[in-house]
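The following report is written for a reader who has a sequence and a three-dimensional structure to hand. Please look through both before reading on.

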Amino acid sequence: MFRVGIGYDIHRLVSGRRLVLGGMNIPFKKGLLAHSDGDVLAHAIGDALLGAAGLGDIGIHFPDTNKRFKDISSLRILSDIHKKVSRAGFRIQNVDSVLIADRPKISAYRAAMIDNLSAALHVAASALNLKATTSEGVGEVGSKSIASYAVALLKKR
Ligand code: MG
């Protein structure tokens, strides 16, 4: 049995925060405001996986009211989600994702991000695809914020 899930996340770009995407520290003048490290890509992927497994969402499992999750690495969140999904009897088939950011350019970090994410999820790098796009200056998504979409396919073991 196969199950599909969708995930979406967005965080606001602010001064005085480091920018973490796909577990990579990316040099940039702003970072993403969040209780965790603000890694929107990891959060979208995590929500897609939880959704496919029928396990709710990241907010249920890692509430931003819990001090334990303050500034937590989102790769750790993904590792935990991998455990939950595995315990529920699912194996990850593939994940596809999109990052929406006008700046910085992330193409130089793409391979390293995929390495980080696939290691956290215990899947081959080939099971994880990452696409990047800008918002063409339309609205505030991608300029004043960075957003991400992901879909995940799971197979029941
Ligand atoms: Mg988030």
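The report treats the nonpolar core, the metal site, the largest pocket, the backbone and some selected residues in turn. The structure is a predicted model.

**The nonpolar core**

The largest nonpolar core is made up of 43 residues. Within this core, the residues with the most contacts are Leu21, Ile45, Leu49, Leu99 and Ile146. Several helices and strands contribute two or more residues: strand S2 (19–21), helix H1 (40–53), helix H3 (74–87), strand S5 (90–100), helix H4 (110–121), strand S6 (128–133) and strand S7 (145–156). The greatest contribution is that of H1, which gives 10 residues.

Leu21 may serve as an example. Apart from residues up to four places away in sequence, Leu21 touches Ile26, Leu32, Asp39, Val40, Leu99, Ile106, Met113 and Ile146. Two of these partners, Leu99 and Ile146, are themselves listed with Leu21 among the core residues that have the most contacts.

**The magnesium site**

Which residues coordinate the magnesium ion? The donors are Asp9 through OD, His11 through NE2 and His43 through ND1, at 2.1 to 2.2 Å. Along the sequence, these donor residues follow the spacing D-x1-H-x31-H.

Are Asp9 and His11 buried or exposed? Asp9 has a relative accessible area of 15%, and the value for His11 is also 15%. Buried means under 20% relative accessible area, so Asp9 counts as buried, and so does His11.

**The largest pocket**

The volume of the largest pocket is about 290 Å³. Its lining consists of 17 residues, and those closest to the centre of the pocket are Ser36, His43, Ile58, Phe62 and Asp64. His43 therefore has two roles in this description: it is a donor to the magnesium ion and a lining residue of the largest pocket.

Strand S1 (2–15), H1 and helix H2 (58–61) each provide at least two lining residues. S1 supplies the largest share, namely four residues. Sorted by class, the lining holds nine nonpolar, five polar and three charged residues.

**Backbone features in the loops**

Most residues other than glycine have a negative phi, and most peptide bonds are trans. Against this background, three places in the loops deserve attention. Arg103 and Pro104 are joined by a cis peptide bond, with omega at about -10°. Pro104 is located in the loop between S5 and H4.

His122 is not a glycine, yet its phi is positive, at about 55°. This residue belongs to the loop between H4 and S6. Glu136 likewise has a positive phi, near 60°, and is placed in the loop between S6 and S7.

Are His122 and Glu136 buried or exposed? A residue counts as exposed when its relative accessible area is over 50%. His122, at 57%, is therefore exposed, and Glu136, at 69%, is exposed as well.

**Selected residues in strands and a helix**

Leu13 is part of strand S1 and is buried, with a relative accessibility of 8%. Setting aside residues up to four places away in sequence, Leu13 touches Leu19, Phe28, Lys30, Gly31, Leu32, Ser143, Lys144, Ser145 and Ile146. Arg12 is also in strand S1. With the same sequence neighbours left out, Arg12 touches Gly31, Leu32, Leu33, Lys144 and Ser145. Gly31, Leu32, Lys144 and Ser145 thus appear in the contacts of both Leu13 and Arg12.

Asp80 lies in helix H3 and is partly exposed, at 26% relative accessibility. Leu153, in strand S7, is partly exposed with a relative accessible area of 27%. Beyond its neighbours within four places in sequence, Leu153 is in contact with Phe2, Arg3, Val4, Arg91, Ile92, Gln93 and Asn94.

The table sets out, for these residues, a separation along the chain and the corresponding distance in space between C-alpha atoms.

| Residue pair | Separation in sequence | C-alpha to C-alpha distance |
|---|---|---|
| Leu13 and Gly46 | 33 residues | 21 Å |
| Arg12 and Ala120 | 108 residues | 25 Å |
| Asp80 and Leu19 | 61 residues | 22 Å |
| Leu153 and Phe69 | 84 residues | 27 Å |

Note on methods
Residues numbered from 1 in each chain as written. Predicted model: local features only at pLDDT ≥ 70, side-chain atom pairs only at ≥ 80, totals over all residues. Heavy atoms only, no water. Core = buried A, V, L, I, M, F, W, Y, C linked by side-chain atoms within 4.5 Å. Buried < 20%, exposed > 50% of the residue type's maximum accessible area, 1.4 Å probe, protein only. Contact = heavy atoms within 4.5 Å. Donors = N, O, S within 2.8 Å, 3.2 Å for Na, K, Ca; no water. 1 Å grid on protein atoms, 1.4 Å probe; cavity = no way out; pocket = protein on both sides within 12 Å on 5 of 7 lines; lining within 4 Å. Points joined across faces, edges and corners; volume = space filled by probe spheres on them. Nonpolar A, V, L, I, M, F, W, Y, C, P; charged D, E, K, R; others polar.
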